[in-house]
Amino acid sequence: ALTEAASGSDFDMIDSTVSRRGGYLELCGTKTWISCGLIADVFLVFARFERQHVALLVPREADNVTVEPITRPLVGARASMLATIRFNHVRIEESDLIGGVGFGKVAVGSFALDIGRYIIAWGALSLAKTCMARCLERAGTTRRFGTKLVRHQLVAKMITEMYLAINAAEAACIEAGMLHDEGAPSAMDATYVAKYTATKALSSVSATAIRLSGASGCMDDTV
C-alpha cells in the first residue's frame, strides 16, 4: 500500500507516518487505489518513520484499520478490487518493520514494485489474449455481406495486428521471467519492457475488439 491521494506513488511525498508511543509504534495515514485491497489479509504499507522511509506489514484485522471499496465507475479496472485503506492510530511492533528503518524505499519498495509490474504485464497479456479469442470466435461465425467477417480483408488485417502485438508482449513477459529466475541484473529492466509491451498490446487489442464487436462491444455485459 503506497499510493495516497495527494502524492500518488511518489515515495518522497507520502504523508503516512509511524511514530513511537512508549513501548510500541503507531501508524497513521490513508492509502488509496490499492489493488486487491478488498481481499488482502495483510497489507505491505510504506510510510515515514523518523524522517526515513519504512515498509511494514499490517494485518487486515488489526484494530483501527478500515477498508473501504472504491465503487465509482472504473474504466478497465473493475477486476482490480481497489480499495481505500485507513490506518487510524494502528498499533504495530518493531518486528513488523521490514528491512529496518531507511530500507523502505530503496530495498523493499523497488522490489515490491518490480513484482507488481511483472504481475500487471502477465495480467494485461491474458486479457489481450481473451479479447483476441472472442474476436476470432465472432469473426468466424458472424456473416456480413455474404461471407464470414474473418474473410473480409480489413478484418483479417486487424486480427493479424492483434496476433503480432500479443506475441511480442508474450515474448517480453517470458524473457523477464527467465531473467528473474537467473537473478540477472537486467531483470528489472526487462520487467519495465514487459509491462510496457503488454499494456500497450492490451490497449490496442481491446480497442480493436470493441470495433469488431460492433454496438455490442460497448455494452457492460459483453465478454
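How many residues lie between strand 1 and strand 2 in their hairpin, and which residue in the turn has a positive phi? Keep that in mind as you open the structure, which is a predicted model. Colour it by pLDDT to begin: the mean for the protein is 86, and 92% of its residues reach 70 or more. Among the elements, strand 5 has the highest mean pLDDT, 93, while strand 8 (residues 143-144) has the lowest, 78.

**Stop 1: the hairpin**

Select residues 17-21, which are strand 1, together with residues 24-34, which are strand 2. There are 2 residues between these strands, and G22 in the turn has a positive phi of about 70°. The two strands run antiparallel and are joined by 5 bridges. To follow the pairing, pick R21 and look across to its bridge partner in strand 2, Y24. Then move to R20, whose partner in strand 2 is L25.

**Stop 2: the rest of the sheet**

Now add strand 3, residues 42-49, which pairs with strand 1 in the parallel sense over 2 bridges. Click on V18 and you will find its bridge partner in strand 3, F49. Widen the selection to the whole open sheet: 7 strands in the order 5-6-2-1-3-4-7, with mixed pairing. At the edges sit strand 5 (65-69) and strand 7 (97-98), each of which pairs on one side only.

**Stop 3: two rings in the sheet**

Stay with strand 3 and show the side chains of F43 and F87. Their ring centres are 6.3 Å apart and their planes are at 80°, so this pair is edge-to-face. F43 belongs to strand 3 and F87 to strand 6 (residues 83-92), so the contact ties together parts that are 44 residues apart in sequence. Are these rings buried or exposed? F43 is buried, with a relative accessible area of 3%, and F87 is buried as well, also at 3%.

**Stop 4: a second aromatic pair**

Turn next to helix 1 and select Y118 and W122, which lie 4 residues apart, about one turn of the helix. Here the ring centres are 6.4 Å apart with the planes at 80°, so this pair too is edge-to-face. Both residues are partly exposed: Y118 has 25% relative accessibility and W122 has 31%.

**Stop 5: helix 3**

Select residues 187-213 to bring up helix 3. Its 27 residues should span 39 Å at 1.5 Å a residue, and the end C-alpha atoms are 38 Å apart, which agrees. Show its buried residues, among them A187, A194, A198, V205 and L212. Centre the view on A198: beyond its neighbours within four places in sequence, A198 is in contact with A121, A124, L125, A169 and C173.

**Stop 6: the nonpolar cores**

Which residues have the most contacts inside the largest nonpolar core? They are M162, I166, C173, A194, A198 and L212, in a core of 28 residues. Helix 1 (104-141), helix 2 (153-182) and helix 3 each supply at least two residues of this core. Helix 2 gives the largest share, 10 residues. To finish, select A40, A47, L56 and F87, which are included in a second, separate core of 19 residues. F87 will be familiar from the ring pair with F43.

Notes:
Residues are numbered from 1 along each chain as its sequence is written. Side-chain values use heavy atoms; hydrogens and water are left out. Two strands pair if DSSP finds at least two bridges between them. The expected span of a helix is 1.5 Å times one less than its number of residues. Buried means under 20% relative accessible area, exposed over 50%, partly exposed in between (1.4 Å probe, protein chains only). A nonpolar core is a set of buried Ala, Val, Leu, Ile, Met, Phe, Trp, Tyr and Cys residues joined through side-chain atoms within 4.5 Å. Contact means heavy atoms within 4.5 Å. pLDDT is the predictor's confidence in each residue, from 0 to 100. Rings of Phe, Tyr and Trp (its six-membered ring) pair if their centres lie within 6.5 Å; planes under 30 degrees apart count as stacked, over 60 as edge-to-face and the rest as tilted.
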